[in-house]
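Colleague: Please take me through one part of this model in detail, and explain each term as it arises. I should like to begin with a loop and then follow the chain elements on either side of it.

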Amino acid sequence: MRLILASASPARLDTLRRAGVHPTVVVSDIDESLVETDDIQELVGELARRKAEAVAAEVLPADGVVIVGCDTMLEIDGIPYGKPGTLENAVELWRRLSEATGLLVTGHHVIVSSGGQVHSTNRNAETLVHF
């Protein structure tokens with residue numbers, strides 16, 4: 001099986017490599033701003049699905065392929081935060097988060113193409129983070 005990581009995240013790639021897994025990285029070109037919802041669970045799941053499906057459209061119908069799409073956001077007081085984008089935004093976010101507790105939510109969407117069939121599933125994982 002060939003593993004494709006549909007993510008530009010260096011941290012995700014590093015985690016997989018440290019576990020002895022060496023995926024091919026194919027970054028999707030989806031517009032994340034098109035997904036509108038206030039539910040962080042729905043948001044990260046939908047973004048992970050769209051990333052995986054965009055990459056699947058490029059590489060399938062190849063057989064023996066596993067595509068993993070991911071997205072992570074932090075929720076503090078009901079407000080979702082994605083990547084800060086700039087150093088200034090990152091510093092401001094860290095100031096706001098000082099002594100706060102937040103929920104880190106990661107959506108995972110996996111597509112498997114094997115034996116001429118394609119299957120997919122979507123799950124989220126949560127971690128409580130204390131700053």
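Modeller: P61 lies in the loop between α2 and β3. The structure is a predicted model, in which local features need pLDDT of at least 70 and side-chain atom pairs count only at pLDDT 80 or more, while totals for chains, interfaces and linings use all residues. Residues are numbered from 1 along each chain as its sequence is written, and side-chain values use heavy atoms, with hydrogens and water left out. The names α and β refer to DSSP runs numbered from the N terminus: helices are H or I runs of at least four residues, and strands are E runs of at least two.

The peptide bond that leads from L60 into P61 is cis, with omega near 25°. Most peptide bonds are trans, and most residues other than glycine have a negative phi.

On one side of this loop stands helix α2, which comprises 20 residues, 40-59. From first C-alpha to last, α2 reaches 29 Å, close to the 28 Å expected; the expected span is 1.5 Å times one less than the number of residues. At the N-terminal end, α2 is capped by D39, a side-chain oxygen of which lies 2.8 Å from the backbone nitrogen of Q41. A polar contact is a pair of N or O atoms within 3.5 Å; within protein, one must be able to donate a hydrogen and the other to accept it, and residues adjacent in sequence count only if both atoms are side-chain atoms.

Which residues of α2 are buried? Among them are I40, V44, L47, A48, K51 and V59. Buried means under 20% relative accessible area, exposed means over 50%, and partly exposed lies in between, for a 1.4 Å probe and protein chains only. The cover over the buried residues of α2 includes the strands β1, β3, β4, β5 and β6.

On the other side of the loop is strand β3, where D71 is found. Is D71 buried or exposed? D71 is buried, because its relative accessible area is 5%. The side chains of D71 and K51 are joined by a polar contact of 2.7 Å. If residues up to four places away in sequence are not counted, D71 also touches others, including V44, L47 and A48; contact means heavy atoms within 4.5 Å. V105, T106 and G107 are likewise among the residues that D71 touches.

After β3 comes D77, placed in the loop between β3 and β4. D77 has a positive phi of about 50° although it is not a glycine, and it counts as exposed because its relative accessibility is 75%. A further positive phi, of about 65°, belongs to E99, which is not a glycine either. E99 lies in the loop between α3 and β5, and at 73% relative accessibility it counts as exposed.

Two of the covering strands, β5 and β6, pair in the antiparallel sense over 14 bridges; strands pair if DSSP finds at least two bridges between them. V110 has T121 in β6 as its bridge partner. A hairpin with two residues between the strands joins β5 and β6, and G115 in its turn has a positive phi of about 60°. L128, found in strand β6, counts as exposed at 54% relative accessibility. L128 and L104 are 24 residues apart in sequence but 6.2 Å apart in space, C-alpha to C-alpha.
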